[in-house]
Amino acid sequence: MNKLATNMSTFADRIIAFNQQLEFTGSLPPGIRIMNPFKENELALAVSTQFYRKYYNDDHPRHLILGINPGRFGSGMTGVSFTDPKRMVNQCQIPYPGPMAHEPSSEYIYEMIDSFGGITKFYNQFYIHSVCPLGFTISRGNGKEVNYNYYDMPELQEAVYPFIVENIKKQIDLGFETDICFCFGTGKNEAFLRKLNMKNEFFKKIIALEHPRFIMQYKSKTKQDYIAKYLQEFSKVTL
């Protein structure tokens, strides 16, 4: 355990402390902006604190699921990975006193969670975050900001590499199991995490699953097949 876990008896305490300490102080390539909902959006910290107090106020064994990095309309607003405001209110039963937003990845995750057996059962055994715990945006020609992934530009990946390593270690130190880590993304995110894991030996095994965004964008007609695959893989560690 690191100092985040000292004298803290529940996962909720440790996760909230982890989120509060997140800060990137390095330099980013031109045009890339870091997105830190816990510093920029007071709603995200308040709502996510309620969420973790509700579903993680214990010390049960849990496994990590690592996505890519936060997006603007999911954890960028709520502070909880793959949970948009709509799902936070309707599924998690936690008020969100800000603008509503819909994220396809969040829709898929909560359909999967329902098939798993419900929110309480799922979050009692899993914790979803990201390889890079803060997100990124890039400004397009019309001035509009869009989501950006840590691996979309070699210079960005290099810039945030130490930050990623540091915060994967910190997440593991919160007390999660390290026999198996699940990875959302079977392309660049998986390749990066496997290479990182070979060097640092964070986990004994990594199981990669197709990213929810990919499923909803390209495979929505067969999403039930992907949900079945998720449940099959998760059954390898469920209690």
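This is a short talk about the spaces inside one structure and three of its helix pairs.

Okay, thanks everyone. Before anything else, please keep in mind that what you're looking at is a predicted model.

Let's begin with empty space. If you roll a probe the size of a water molecule over the atoms, you find where empty space is left. Here, the largest pocket comes out with a volume of about 690 Å³. So who sits around its centre? Of the 31 residues in the lining, the closest to the centre are Ile68, Ser105, Asn149, His211 and Arg213. If you want to find the pocket on screen, pick those five.

Now, which elements give two or more residues to that lining? There are three helices, α6 (104–116), α9 (188–200) and α10 (212–218), plus the strand β5 (145–148). Of the elements, α10 gives the most, with 4 residues. As for chemistry, the pocket lining splits into 17 polar, 9 nonpolar and 5 charged residues.

Next, the cavities. How many of 30 Å³ or more does the structure hold? The count is 2.

The largest cavity has about 40 Å³ of space. Around it you'll find three prolines, Pro37, Pro70 and Pro133, together with Phe38, Ser75, Gly79, Ser81 and His129. That lining divides evenly, with 4 nonpolar and 4 polar residues, and no charged ones.

The second largest cavity also has a volume of about 40 Å³. Its lining has plenty of tyrosine: Tyr52, Tyr56, Tyr123 and Tyr127, joined by Phe51, Val80, Ser81 and Ile128. Helix α3 (42–55) and strand β3 (126–130) each supply at least two of those residues. By class, we have 7 nonpolar, 1 polar and no charged. And if Ser81 sounds familiar, it's because we met it a moment ago: Ser81 is in the lining of the largest cavity and in that of the second largest. 

On to the helix pairs, and I'll start with α3, since we've just mentioned it. Helix α1 (residues 11–21) packs on α3 at an angle of about 160°, with the axes 9 Å apart. Roughly parallel or roughly antiparallel? The two are roughly antiparallel to each other, because anything over 145 degrees counts that way. Their crossing is right-handed. From α1, the contact uses Ala12, Asp13, Ile15, Ile16, Asn19 and Gln20, and from α3 it uses Leu45, Thr49, Tyr52 and Arg53. In that contact, 5 residues are nonpolar, 3 polar and 2 charged. Note Tyr52, by the way, which also lines the second largest cavity.

Second pair: α6, one of the pocket helices, with helix α11 (residues 223–234). Their axes come within 10 Å and cross at roughly 55°, which makes α6 oblique to α11. The crossing is again right-handed. On the α6 side, the contact is made by Glu107, Tyr108, Ile109, Glu111, Met112, Ser115 and Phe116. Facing them from α11 are Lys223, Gln224, Tyr226, Ile227, Tyr230, Leu231 and Phe234. That contact has 9 nonpolar, 2 polar and 3 charged residues.

Third pair, and another pocket helix: α9. Helix α8 (residues 154–172) packs against α9 at about 60°, with the axes 12 Å apart. Again that's oblique, and α8 passes α9 in a right-handed crossing. Which residues make the contact? From α8, there are Gln157, Tyr161, Ile164, Val165, Ile168 and Lys169; from α9, there are Phe192, Leu193, Leu196, Lys199 and Asn200. They divide into 7 nonpolar, 2 polar and 2 charged.

To wrap up, then: one pocket of about 690 Å³ with 31 lining residues, 2 cavities of 30 Å³ or more, and three helix pairs to look at. The α1 and α3 pair is roughly antiparallel, while α6 is oblique to α11 and α8 is oblique to α9. That's my tour, thanks!

Notes:
Residues numbered from 1 in each chain as written. Predicted model: local features only at pLDDT ≥ 70, side-chain atom pairs only at ≥ 80, totals over all residues. Heavy atoms only, no water. 1 Å grid on protein atoms, 1.4 Å probe; cavity = no way out; pocket = protein on both sides within 12 Å on 5 of 7 lines; lining within 4 Å. Points joined across faces, edges and corners; volume = space filled by probe spheres on them. Nonpolar A, V, L, I, M, F, W, Y, C, P; charged D, E, K, R; others polar. Axes fitted to C-alpha atoms, helices over the stretch in contact; angles between N-to-C directions. Parallel < 35°, antiparallel > 145°, perpendicular 65-115°, else oblique. Left-handed = near helix turned anticlockwise from the far one by under 90°. Contact = heavy atoms within 4.5 Å.
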